[in-house]
Amino acid sequence: MNASVRLSVSSLRAHKRRFAGTFLAVFLGVAFLAGTLVMGDTLRASFDTMFGNATSGTDAVVRSAEAITTPGESEGVREPVDADLVTAIEKVPGVAAAAPNIQGAGQLVGANGDPIGGQGPPTLAGNWIADPELNAYQLAEGRVPAKSGEVVIDRGTAERGDLKIGDTTTLRTPDPVKVTIVGLATFGGEDGMAQVTFTGMTQADAEKYLTAGPGEASSIQVRAGPGVGQQELVDRLTPVLPKGVEAITGQESTEENTDMISSQFLAIFTTFLLVFSGVALLVATFSIHNTFAIVVAQRTRENALLRALGASRRQVTASTLVEASAVAVTASAAGLAGGIGIAAGLQVLFPAIGFPFPEGDLVISVLSMVLPLAVGIVVCLGSALLPAVRAGRTAPMAALRETAVDQSGASRVRAVTGAGLAALAVAVTLTGVLVSPSLWLPGTGAVLALVSFVVLGPVASTTAVRVLGGPLGKLRGVTGSLARRNALRSPKRTAATASALMIGVAVVSLFTVFGASLKATMDQTVSRSFAGDVAVSTPSFGAGGSGLSPKLADAIDGLPEVDTAVGLGRGVAEVDGKGRALTVTDPVALERTFDLGNVQGSLNALGANGIAITEKEADKQGLKTGDKAQLTFTDGKKESFTVRAVYGQSELAGDYVITRAAWAPHRTQDSDTLVAVSFRDGVSADAGKAAVEKVADQYGNPEVQTRDEYAQSSAGGIDMMLTLVYALLALAVLIALLGIANTLTLAIHERTRELGLLRAVGQTRSQLRAMVRWESVLVAAFGTVGGLALGAFLGWVLVKASDGASDSAFAFAMPPVQLAIVALVGLAAGALAGLRPARRAARLDVLRAIATE
Amino acid sequence: MTTATTTVRTAARVVDAVKVYGSGDTSVRALDGVSVDFPVGRFTAIMGPSGSGKSTLMHCAAGLDTLTGGAAYIGDTDLGGLDDRRLTLLRRDRVGFVFQAFNLVPTLTVAENITLPLDLAGGKGDPEWIDALVDVVGLRDRLHHRPSELSGGQQQRVAVARAFAGRPDVVFADEPTGNLDSRSGEEVLGLLGRAVRQTARTVVMVTHDPVAAAHADEVVFLADGRLVDRMESPTADKVLDRLKAFEVPS
């Protein structure tokens, strides 16, 4: 064995404990990364298989060729096709079967009266296709719907809603429909298509509730006869199809569906997780670097002796690096295994919490093996590189000197560099935020700010610990002031230890501030533009939910307590070539319940060919009142609309408003997303709300909320997101705490004799423990305060940058309570990190500690 | 101090002290039935060749280590009956220590090091006494320095001041001059001697240096874990002669 390697091996063997922290940091980071990759691949593969199975019987899909996609949506809206086309298609040679497929939104109400799903994945309803091979769902129990009111639902939904065959419940289409469950279905062999809910009804019911008129279908599914390939089938079908209708192969259709899930759901999901594993690994970098730096410092005399005995610089450096590699490789390999274990565990856990994670083997691609391993090794070796080089530079003379532990830190160069970087960061950020709004300038500024914090750490740590620890001496006497001075001993080390926590806390605070600002923005939006008293809506998120019955607004409007009730529906059209969401409503009533700001022209007479536009959009498109705008609808019809009004505020009302009369010829399944209600004068809020609730009850029981409640529920999704973010960041914070614990353990090892002396002259074990714990708390406090400051700053930058870069106005808000909680958690975590080192220190044998060398 | 010094003639004593390290075949009897008194107001030196058990005797008598057999007392407190916490408190309140090296906490100033045991106890001590001590050890102008800014002799003088700060029943010194040059050593020994004679303190010192031992009122000699001799009013020559006698195989 080579000398360097032999030295590293013996050193590793002698100091297994010191590397436990490093090992864990790499392990956790790599495991997270590997777990994310494996889980992403597995989910993707499972969805592919599931869709493949479900739709394997469909050889071609006939549908409208044109789709209008509005910004922020991946799936375009298509005009329905004529269901009668089935007759023509069936006559085409090579066609074995064809069936119309009607699809719309329909949310089931569970046995407990609460709607099922709606928080993200779509809630679908459609006709039950009789041909089992054309139907993506397979009947598993019971029978198919035979008469009006009978439905088949997927088994997953049935379980979530506690519904059984024979049960009667409500389906919101959005008009409440009484349905009886006669059968349960599976999708591609699974209980359901992930969290998507499905209700299959008779064709007549589907046409009645899910389409605008009879004889419409979303698409037509076609099965080929024996010996006819999919492409061949498409080629044969195309000639019989009218203009604007296309045929695609079943395979293409499946790919479109799986791509949509991959790009929409999985890509976001995995990217999100990858970002957090990145944060965790960044934090790990600091912890690992610190460990090696301390170990090298502690080994100065040993290394100097080696150099004095003739070891070259390279040999000493190499021996440290070999040590790091050994830790890196074992920890990364273990992390990889752990990551695969996490993915396997989640596969078991997800179904248990009601998320049908598709079964199937874990998919472990080469990338998800190589990437985490490589990242783990690079992070670990990279972190050890500087300390290793420093080890090599040890002068042989150091063996003879009584070397003090690394005390360096607050050099002038560092202070100047750090201050310069910080100033640059602020300048770049402010330019990006205030002068020329963009996202990349603040982004650069944020990175610079982070770097400047790390560079300035040692300079700041002395002052910060002195200030933060100021009260300690008074509160905890000599124990406190000893803890404070120990934390001040090596500013570089304290800063490096705290930096890890700082990054974790900064990201937490960033999200906390950004979340609070988003909520404040929602709040502001509602209070600024919603002039009504109550809002009726279905709590939903993403693509779920079925909206409100369009009849609801009229029903509420008829109440004696109500002055105005206006329903807001949603339509899509291309305006001057771009897909846009349209607000379909009664513009006169709209003006009464929403504050639309400054209105030019009049909303009173939009009629069937008038449109109202926000100032912002009007400016963009160069339109003013009296101008003509070209709208293209999903049915391909182009119509010219006259701009009759231009209004100032758009947040809740949308950018384009047309009347129901104008939308009627193009409508599909009708639903409103919101009904805004204002009461007559003299009607109390409670009485009015109660009256509205009574009516709403008959329309599928949507939520009736006061303005404040509505604002709060609009922000509900943000809380959910924040919770997830906190859970993911817990890992980074855990790694940072391991770093603190490790540094403390190493420091205690260094101070063995000093601790022994303290014990000999009368420090009790509990005093000693308290001393170590308080040191830990101080380091954590420094990291937490730095993180809070950095996070709050970055949060402000993000809010301002979003404000500048996007159309809607963002409000900035600092949530003092949440930030105080973050601070407390940081401190408590510091105390926790100090527990083990403190216990170890207290177990120290006094006699051995004070024994002379 | 609450100890009734008028009735208790000894500041510390061990009775039939036995200390065995290890067990079975590899066990070593570091102390083999030693009984010795350290009278109040006396400066006693413990001498003996390496491995004679002199450091073990001191550690056990001071409550840093526990005996395998026999008993150790500080005043009339039996150390055998005390748990770690009580032993610690006893060391803090009633015993002073001066070690060979690494006597001071590097993060504390000279003044803070001196009052460390008092601070740990949460008390103020006797400010006049401490003030007087500072003058005796001659470090008034160094009170706010850190130990790293002091010479070895100065550091050891701070340690002596700390050892006496709480007016302990007894101060144990373990080779206090081992790391010092002869002049600094002489200063430290002078301090210990003066403390005993002028302020009626009790000092027990382990040393292998006959010159250091000559500062004591009495020397006790240990060999192979047994008390072999006592010598009143020692001089360096007499001690050296006695030590030479050990080297002759008996």
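Reader: How many Å separate the centres of domain 1 and domain 2 of chain A?

Author: Happy to start there. In this predicted model, local features need pLDDT of at least 70 and side-chain atom pairs count only at pLDDT 80 or more, while totals for chains, interfaces and linings use all residues. Residues are numbered from 1 along each chain as its sequence is written, with chains lettered from A and ligands numbered from 1 in the order written. Domain 1 covers 59–250 and domain 2 covers 457–531 + 714–853 (bounds from an automatic or database domain assignment); taken over C-alpha atoms, their centres in chain A lie apart by 54 Å.

Reader: Are α2(A) and α10(A) roughly parallel or roughly antiparallel?

Author: Let's take the geometry. Helix α2 (residues 18–54) and helix α10 (residues 366–392) of chain A (DSSP runs of H or I, at least four residues, numbered from the N terminus) have axes 9 Å apart at an angle of about 160°. Axes are lines fitted to C-alpha atoms over the stretch in contact, and angles run from 0 to 180 degrees between N-to-C directions. Angles over 145 degrees count as roughly antiparallel, so α2(A) and α10(A) are roughly antiparallel.

Reader: Which helix gives the largest share of the side of chain B that touches chain A?

Author: Good one! The contact (C-beta atoms, placed from the backbone, within 7 Å) takes 24 residues from chain B and 22 residues from chain A. On chain B, α2 (84–94) and α4 (116–121) each supply at least two residues of that side. The largest share, six residues, comes from α2(B).

Conventions:
Contact = placed C-beta atoms within 7 Å. Parallel < 35°, antiparallel > 145°, perpendicular 65-115°, else oblique.
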